[in-house]
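Visitor: I'm new to this structure and would love a close look at one part of it. Could you pick a residue and walk me through its surroundings?

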Amino acid sequence: MEQLDYAKMGARIGKIRKLKGLSQDTLARRCGISLSFMGNIERGTKKMSMDTFVTMCRELETDADALLFGMTQPSEDMIKSMWRQQKQKAEGNYLMYIQIMKSVADIMGNAGQEAEETKPHRACADKEGIK
């Protein structure tokens, strides 16, 4: 499991806070923490409680993934697009599988015909004592 990088998480909190036009003091008050503790969180030197984290996500109007890992949840359109890509890959793999199986069948069919052609006829084999 990946370790959290609190310094990076704090930097993301600070960046989003600034984009929202909030001061550290305003966000700290809204989250019910001191200004000093807010500064420590943004520097990554202190860890916040889960309650404070949830409140911070709500106040910054962002999801946990954005603060924790720097990525947001994919949109529904993005998910649908990913499924279409996977479906196309699966269809391509299936077609490749069919082509391979046809090739194998052709090879096996040719090998069977060659074996038939080289096998002695039963009448000849009986005369020569071949079983």
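Guide: Let's start at Leu60, in what is a predicted model. Setting aside neighbours within four places in sequence, Leu60 touches Ile13, Ile16, Arg17, Lys20, Leu22, Leu27 and Leu67. Two of those partners, Ile13 and Leu27, come up again in the largest nonpolar core: together with Met56 and Leu60 itself, they have the most contacts inside it. That core has 17 residues. Five helices each supply at least two of them: α1 (6-19), α2 (24-31), α3 (35-43), α4 (50-60) and α5 (64-69). The largest share, 4 residues, comes from α4. As a general background, nonpolar side chains in soluble globular proteins tend to be buried together.

Now for a leucine with another story. Leu19 lies in helix α1, and its C-alpha is 9.4 Å from that of Leu60, although the two are 41 residues apart in sequence. Leu19 counts as exposed because its relative accessibility is 68%, and the cut-off for exposed is over 50%.

Let's stay with α1 and see how it meets α3. These two helices pack at an angle of about 115°, and their axes are 5 Å apart. On the α1 side, the contact is made by Tyr6, Ala7, Gly10, Ala11, Ile13, Gly14 and Arg17. Across from them, α3 brings Met38, Ile41, Glu42 and Arg43. By type, the residues of this contact are 6 nonpolar, 2 polar and 3 charged. You may recognise Ile13 and Arg17 here: both are also in contact with Leu60, where our tour began.

How values were computed:
Residues numbered from 1 in each chain as written. Predicted model: local features only at pLDDT ≥ 70, side-chain atom pairs only at ≥ 80, totals over all residues. Heavy atoms only, no water. Core = buried A, V, L, I, M, F, W, Y, C linked by side-chain atoms within 4.5 Å. Buried < 20%, exposed > 50% of the residue type's maximum accessible area, 1.4 Å probe, protein only. Contact = heavy atoms within 4.5 Å. Axes fitted to C-alpha atoms, helices over the stretch in contact; angles between N-to-C directions. Nonpolar A, V, L, I, M, F, W, Y, C, P; charged D, E, K, R; others polar.
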